[in-house]
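This report examines selected features of one protein model. The sequence and structure are shown first, and the description follows.

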Amino acid sequence: MFILQIAIPKPLSNYFDYLPPVGVDIEQLKPGMRLKVPFGNINYVGMLVNITNNSNCPNNKLKSVIKIIDSTPILSVDDLELMKWAANYYHYYIGEVITTALPSALNQGLPAKIKPLLGWKLAYDVQLDNLPKNAVKQRAILHLLQQYPQGLTQTLINSSLPKATSSLKTLQEKGWITKVLIDIIPNKTLAKSSHLQLNQAQNKAVNQVCSNLHQFYPVLLDGVTGSGKTEVYLQIIQKVLDQGKQALILVPEINLTPQTVNRFEQRFAIPIATWHFKLSKSERLHTWLSARDGLTSIIIGTRSAIWIPLANPGIFIVDEEHDLSYKQQFKFRYSARDIAVVRSKLANVPILLGSATPSLDSLHNANCKRYLYFNLPERAGTAIHPTYHIVDMRLQPPREILSRPLMKAIKQRLTAKQQILLFINRRGYASTLTCYKCGWVAFCQHCDARLTYHDSYKILQCHHCGITQQLYIKCPECKYTKLYLLGQGTERIEEYLRIQFSYANILRIDSDNTSRKNSIEKIFEKIRSGEVDILIGTQMLAKGHHFPNVTLVGVINVDSGLYGSDFRSTERMAQLLIQVSGRAGRANDPGEVIIQTYHPEHPLLAKLIQQGYPAFAQAALKERYIAAFPPYTYLALLRAESIDKPPLEFLEHAKLSAHKCDDVQLWGPVISPMEKRADWYRAQLLLQALQRKHLHDFISRWLPTLPASNNKKVRWSLDIDPQDLF
Ligand code: ADP
Ligand code: ZN
Ligand code: ZN
């Protein structure tokens, strides 16, 4: 008797046993095939994971599979192994892990077949001059299609130029463009660039990796911004391609860093697949299958791209490996960077983790010789390191938004026609609305958080649950009509600068004014062309973008990072600071960075400024060691939420139900630093162990004793290797 072990897309652990459909030869069934199975009253698309001979369930209770969807497995044995590993490691439901890993079309049971996509191309060598001047959208479409001679898919046209569909029709009727079927999603045609002559440090990294392409070879590539890490990737990838293998590259944000993809397109005369949220369902399926079948050799994508199967993996690269976006912060809380390491081990190929500010975890792995370490200490080309100045805000006039030294430096750059970048980690206008008479503060009714005032919409908004409300005109407590806005966000800095420097072109960049699709590319174009004098922005500006004409970076306030409530706060602050500073002075003019703080004496800040990130990181690692925090110990966080009060009792109970174990410490339960979020009260229990294995063995025994999480009163989730303890 054959039993099929099937993973079902439900938050239920383990597999479910089914009987094969009647009359089907068991030889036809292979792990990695999708099957339609009944569960409760609903039919689901399940994944066959194992075939065995026995079941814990009596045979007469077992249901049969309704239908076999795939005639051949859609996943290889290795891919399935990776997903099983991930379910096991993150103690998460295998069915949901598989759902996360597959494109939605496959989760819905659609055929795993590459279908050409509908696209458009120019009918002939179009002259834009012949179009009426007011046909803006039509011009934009023609301009876009000029860059894609083989045509571009309709959904990608729409994502670059919203609501293009009717203009496409018009252009077709006029005979300017024609429909095409697109087999491989095309790239821009860009002038090709050739290999650069590597410097010594780059050369060493490239040679070492290229001599070890046939084994697991984990490398931390630590190189300051602009030191030529991307060039190292490109040259190694060339070798991988020469051997007929594929490269998968993870990046934090494709849309913020279009030049990264451009550099790949300029170097390689083959299609480069990109994977990001703008792809449609059919494009996703197309890309996924093309990679799996070896039709595309270079895939660049954000977090979930780590699940794209490869016919012939040759290398994995994680750029900006320290970036928080690699960790999914909901449901299946996996780290794409960590999975990439496991995946390259399974595939027996090298992995490159690149960063100007490596995570302390990866540096520790390099210190322990688990990873090879290559350092690119110098900026490639002629640019030199920026210089840092700290401004002690305690010595500045009170309530001055920008300090005198910063204002003076801004003036100088404006006179010299150089660009200025001001960084502040908060969007909106003011972070607090308060009554000076009775001390009332505007809080979110649903969260344990203050409301932020947004001047461009004239509303108060909660940055945690998103709710918005009208601005109060008088204090709801004492009816006093003079309310004050305290704290600074991007909008307030912008307003202040517009008054101070009315002659300058000022541009604010945050998620409030870049949410319209594609406008970010236009913004970057404006910056490059020199139309902008002063840029004000949030951490969006810290991500991998080059602003060669920026020679001054002002960091308005670093203090929240210095004394943040999380053990990783200083690490994040240092990374952000170095990343933002790295945007400056790329060309021949040296960059200057001015940092405003009320805590100039902070030892780690001083270390960072005086000795740089590597020295900071080693000092911060020492602190972690003394405090017994990761990477010297291993953590898991049980987060629980409840509607009426913080679920401390539930967590106490969970703690008591755990069998005593000397190797694992349970800390808490405590109320979470943010007690209430979106109407749920929050509490947490921290698990800590000196050895990873002890932690995981403990959790494996303990989790099955906890009640199901979809319980209406208390819901919980377990975060393995949590990135924060909020
Ligand atoms: P990173 O990825 O570390 O930020 P990049 O690879 O983007 O650095 O390199 C920064 C700049 O230096 C790019 O303009 C690149 O073309 C240039 N560059 C990189 N390597 C070299 C080299 N060996 N010689 C000259 N220029 C280089
Ligand atoms: Zn009041
Ligand atoms: Zn809220």
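A residue is called buried when its relative accessible area is under 20%, exposed when that area is over 50%, and partly exposed in between. Cys444, with a relative accessibility of 6%, therefore counts as buried. The model described here is predicted.

**The site of the zinc ion (ligand 3)**

Cys444 is one of the residues that coordinate the zinc ion (ligand 3); the donor atoms are the SG atoms of Cys444, Cys447, Cys462 and Cys465, at 2.3 Å. The angles among these 4 donor atoms run from 106 to 115 degrees, and the site is tetrahedral. Along the sequence, the spacing of the donor residues is C-x2-C-x14-C-x2-C. Cys444 belongs to the loop between β18 and β19 (452–454), whereas Cys462 belongs to the loop between β20 (459–461) and β21, so the pair ties together parts that are 18 residues apart in sequence. Cys462 has a relative accessibility of 1% and is therefore buried, given the limit of 20%.

**The site of the zinc ion (ligand 2)**

For the zinc ion (ligand 2), the protein donors are the SG atoms of Cys435, Cys438, Cys475 and Cys478, which lie 2.3 to 2.4 Å from the ion. Here the 4 donor atoms subtend angles of 104 to 115 degrees, and the arrangement is tetrahedral because of these angles. The sequence spacing of the donor residues is C-x2-C-x36-C-x2-C. Distant parts of the chain are linked by the pair Cys435 and Cys478: Cys435 is in strand β18 (residues 432–435), and Cys478 is in the loop between β21 (468–470) and β22 (483–486), 43 residues apart.

Which class of accessibility does Cys478 fall into? Its relative accessibility is 28%, so Cys478 counts as partly exposed. Cys435, by contrast, is buried, with a relative accessible area of 2%.

The table sets out the two sites.

| Zinc ion | Donor distance | Donor angles | Sequence spacing |
|---|---|---|---|
| Ligand 2 | 2.3 to 2.4 Å | 104 to 115 degrees | C-x2-C-x36-C-x2-C |
| Ligand 3 | 2.3 Å | 106 to 115 degrees | C-x2-C-x14-C-x2-C |

**Helix α11**

Helix α11 (residues 336–347) consists of 12 residues; the distance from its first C-alpha to its last is 16 Å, close to the expected 16 Å at 1.5 Å a residue. Buried residues of α11 are Ala336, Arg337, Ile339, Ala340, Val341, Arg343 and Ser344. The buried residues of α11 pack against two helices and three strands, namely α1 (77–89), α12 (360–367), β10 (246–250), β13 (313–319) and β14 (350–355). After α11 comes Asn348, which has a positive phi, near 60 degrees.

Technical notes. Residues are numbered from 1 along each chain as its sequence is written. Chains are lettered from A and ligands numbered from 1 in the order in which they are written. This is a predicted model: local features need pLDDT of at least 70, side-chain atom pairs count only at pLDDT 80 or more; totals for chains, interfaces and linings use all residues. Side-chain values use heavy atoms; hydrogens and water are left out. Donors are N, O and S atoms within 2.8 Å of the metal (3.2 Å for Na, K and Ca); water is not among the atoms, so sites may look incomplete. Four donors count as tetrahedral if all angles lie between 85 and 135 degrees; four count as square planar and six as octahedral if opposite donors are over 155 degrees apart and all others between 65 and 115; anything else is irregular. Helices (H or I, at least four residues) and strands (E, at least two) are DSSP runs, numbered from the N terminus. Buried means under 20% relative accessible area, exposed over 50%, partly exposed in between (1.4 Å probe, protein chains only). The expected span of a helix is 1.5 Å times one less than its number of residues. Contact means heavy atoms within 4.5 Å.
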